[in-house]
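Got your viewer open? Load the model, switch to a cartoon view and colour it by chain. Then follow along, stop by stop.

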Amino acid sequence: MVGTTLELRGSPFLHEIIQEVPGGERIVRCLQCGTCGGSCPNGADMQYTPRTIFAMIAANEREKVLKANTMWFCVSCYFCVSRCPQKIPITDIMYGLKRIAIRERAYQDTDAPALAKTFTDLLDKYGRSFELGLASRYYLFNRPVAMLKMGPMGLSMFTRGRMSLVPTKIKNIEQLQSIIRKARELGGTRP
Amino acid sequence: MKYAYYPGCSLECSSAAYDMSVRAVADLLGIELREIDDWNCCGATEYFSQDELTACAVIARNLALVEPQLDQVVAPCAACYLNLKKVDNLMQENPALADKINQCLAAGRLHYDAGRVRVRHLLDLIHTDIGEEAIKDKVVQPLTGLRVACYYGCQIVRPYNGSDNPEQPVKLDQLMTWVGAEVVDFPVKAHCCGGHMTQISEPQAFELIRRLLHNAQEYRADLILCMCPMCQLNLDAYQNRVNSFFGTNYQIPIIFFTQLLGVAFGLDWKKLGFGKEIVAAEPVLRKKLTAPAATA
């Protein structure tokens with residue numbers, strides 16, 4: 001295994017990523033081999049592949065990275081992670097970039113943050129995911145036109161008993177909500 | 001054999017066929033599944049995109065709720081499996097993070113010791129803990145002549161599966177051979193179904209789904225077997241949309257591997273959740289499986 005290959009000192013953004021992502025310190029081992037982008041099912045649609053993103057992070061191109069579509073095209077398939085010769089947790093770094101972009105509302109042209117927020121709002125409220133609530137709220141507020149196309153599919157799911165009209169709530173929702181409140185209060189994974 | 005059981009939200013309704021067939025097959029194989037009392041959603045990929053500590057704490061609550069006398073938990077859903085495994089791994093590797101997660105759990109009067117519960121996927125459990133001989137013993141309806149494509153998807157085989165190949169896994173192929181099915185080559189067996197991309201950017205998602213359907217058809221598979229609710233939903237419920245998008249005409253039934261195992265074991269098809277899939281699987285099963293008569 002090769003040691004440090006990306007330049008550590010010049011880039012505050014590189015340090016920020018290392019702080020943001022558990023295991024993120026391995027990013028400095030990147031060899032710029034490009035296996036990640038070549039293995040990615042969505043690599044062709046990314047503005048910058050993960051390899052390029054890592055070079056940009058090392059070059060402190062913070063704004064450009066946070067506006068890129070790269071992380072929103074990551075589908076968490078972990079192909080890049082299993083192939084990376086330097087064992088960089090690439091998917092987790094993509095999650096870290098999504099978190100920073102969401103916190104600062106730096107993202108562009110993607111509904112993914114709205115989907116994520118709608119999903120976890122329902123989780124916080126009921127303790128379980130609620131597919132109909134998720135689909136109706138997300139599509140209504142973000143993609144009203146696309147909602148029409150979803151109609152026939154929703155109906156066929158419903159007639160086969162695959163769509164519930166009411167959410168399930170866990171018994172001890174207060175316990176889950178206390179845990180979530182505490183996690184928010186502690187504010188992130190960094191020590 | 002007793003295991004804690006974490007069904008996950010999809011198995012409650014949209015993938016009820018998976019839950020029904022998991023329970024029916026487990027029962028027949030003598031696997032006792034004890035559902036975690038009051039489990040909560042694992043957050044899928046959506047919490048990790050926003051707040052990692054909350055993501056971990058929400059997942060860790062489920063690990064903490066595993067009964068003290070049990071030391072293994074089974075999750076049939078790929079995302080649930082990955083998340084439970086990921087948090088347990090993170091806590092083992094990073095004691096400072098484990099402390100922080102336990103501070104969150106303490107707010108709900110819970111605690112979890114990293115590594116206490118071994119997270120298993122159902123396929124590994126059936127393949128390894130039950131094994132070839134016991135599986136073959138239970139077959140009353142050999143699946144001879146039925147051509148199946150075994151689809152693994154991503155998160156069960158990557159990045160945490162140490163017991164199968166992360167790109168060309170074989171455990172489901174072997175299991176299906178044990179029950180007499182003809183397993184076709186399926187080079188994209190561990191490729192991505194698009195996950196939640198169907199909700200965000202349809203052209204990309206539909207292309208990923210098309211590749212899988214196309215590959216299965218090239219190898220003349222009668223059906224595709226899934227082991228993840230998201231994969232099943234994308235390939236089955238979006239198949240018509242994909243057809244209109246590309247001008248194709250795929251009609252490939254997509255079912256859960258436990259449903260087909262149940263068929264081989266002679267279980268009642270209704271109890272295995274058949275009829276819930278959008279592209280009907282029963283016609284091809286009836287055509288291909290002859291003696292003894294399928295129980296409907």
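The tour below starts with chain A and then moves to chain B.

Before you click, note that this is a predicted model, where local features need pLDDT of at least 70, side-chain atom pairs count only at pLDDT 80 or more, and totals for chains, interfaces and linings use all residues. Residues are numbered from 1 along each chain as its sequence is written, while chains are lettered from A and ligands numbered from 1 in the order in which they are written.

**Stop 1: chain A.** Select chain A and you'll find 10 helices and 0 strands; helices (H or I, at least four residues) and strands (E, at least two) are DSSP runs, numbered from the N terminus. Turn it around: its C-alpha atoms fill a box of roughly 55 × 40 × 30 Å along the principal axes. Of its 191 residues, 39% count as buried, meaning that 20 or more other C-beta atoms, placed from the backbone, lie within 10 Å of the residue's own.

**Stop 2: strand β5 of chain B.** Now select residues 147-150 of chain B, which form β5, and add β6 at residues 182-183: 2 bridges join these parallel strands. Strands count as paired if DSSP finds at least two bridges between them. Zoom in on B:V148, which stands opposite B:V183 in β6(B).

**Stop 3: the other partner.** Which strand do 3 bridges join to β5(B)? Select residues 223-226 of chain B: that's β7, running parallel to β5(B). Here B:A149 has B:I224 as its bridge partner.

Key. Buried ≥ 20, exposed ≤ 12 C-beta atoms within 10 Å, placed from the backbone.
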